[in-house]
Amino acid sequence: MKISNIRSFVDDGFESLLVSVPRLKFNYKHFSVCTLMSGAVVAPHYHKKTVEKILCVYGSIILTLDADYKKEERYLFSGDTVGVPLGCVHMLRNDDGGDAVFIEFKNEEFISKGYDTYVKAGVNG
């Protein structure tokens, strides 16, 4: 398996390893392996070109989806997956007592094409 690009990203309470694997045989050819520390939040944001599928690997996370003015919280535990539609404002948080690990599968490469992430103004978690 050829990996075309690897990059890391660290923010307050959040660590991510972004990987691009162009030879995968399904539409989500890129992924990030992420750690969300206890009490940490990934602020509300959306993507104009990127569709994501989130797989919780360890611990638990709360994914808030805010599409078409319908806010929905999804509780993810180890093995759970959920899709994030294109343009859907979403945020992640970890209210658990321990760290959580999850994988974000993406249809677009974040690394060489630039980050397709936009903060939603006026949205509170």
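**Exercise 1. Find the residue of β9 that stands opposite Val-41, then place it among its neighbours.**

Step 1. Val-41 stands opposite Arg-93 in β9. Bear in mind as you work that this is a predicted model.

Step 2. Look to the other partner strand: Ile-62 also stands opposite Arg-93.

Step 3. Now widen the view to whole strands. Strand β4 (residues 41–46) is joined to β9 by three bridges, and the two run antiparallel. Strand β6 (residues 60–67) pairs with β9 over five bridges, again in the antiparallel sense.

**Exercise 2. Write down the strand order of the open five-stranded sheet and work out which strands stand at its edges.**

Step 1. The order reads β7-β6-β9-β4-β11, with antiparallel pairing.

Step 2. Check the ends of that order. β7 (70–77) and β11 (118–119) each have a single partner strand, so each has one side without a neighbour in the sheet.

**Exercise 3. Decide how well β9 is covered, and on which faces.**

Step 1. Start with a helpful principle: side chains in a regular strand alternate between the two faces of the sheet.

Step 2. Sort the residues by side. Val-89, Met-91 and Arg-93 lie on one side, with His-90 and Leu-92 on the other.

Step 3. Apply the burial test, under 20% relative accessible area. Five of the five residues in β9 are buried, which leaves both faces covered.

Step 4. Ask how far to trust this region. β9 (residues 89–93) has the highest confidence in the protein chain, at a mean of 93, while helix α1 (residues 110–113) has the lowest, at 54. For the protein chain, the mean pLDDT is 79, with 72% of residues reaching 70 or more.

**Exercise 4. Identify the residues that touch the most other members of the largest nonpolar core, and the strands that supply it.**

Step 1. The core has 17 residues, and those touching the most other members are Leu-36, Ile-54, Ile-61, Leu-63, Leu-76, Leu-92 and Phe-102.

Step 2. At least two core residues come from each of β3 (30–36), β5 (52–58), β6, β8 (81–84) and β10 (100–106). The largest share, three residues, belongs to β6.

Step 3. Zoom in on Leu-36. Its contacts beyond four places in sequence include Val-41, Ile-61, Leu-92, Arg-93 and Phe-102.

**Exercise 5. Classify Cys-34 and Cys-56 as buried or exposed, then count the disulfides.**

Step 1. Cys-34 is buried because its relative accessibility is 0%. Cys-56 is buried too, because its value is 1%.

Step 2. With a cut-off of 2.5 Å between cysteine sulfur atoms, the count is zero disulfides.

Methods:
Residues numbered from 1 in each chain as written. Predicted model: local features only at pLDDT ≥ 70, side-chain atom pairs only at ≥ 80, totals over all residues. Heavy atoms only, no water. Buried < 20%, exposed > 50% of the residue type's maximum accessible area, 1.4 Å probe, protein only. pLDDT = per-residue confidence, 0-100. Helix = DSSP H or I, 4+ residues; strand = E, 2+ residues; numbered from the N terminus. Pairing = 2+ DSSP bridges. Core = buried A, V, L, I, M, F, W, Y, C linked by side-chain atoms within 4.5 Å. Contact = heavy atoms within 4.5 Å.
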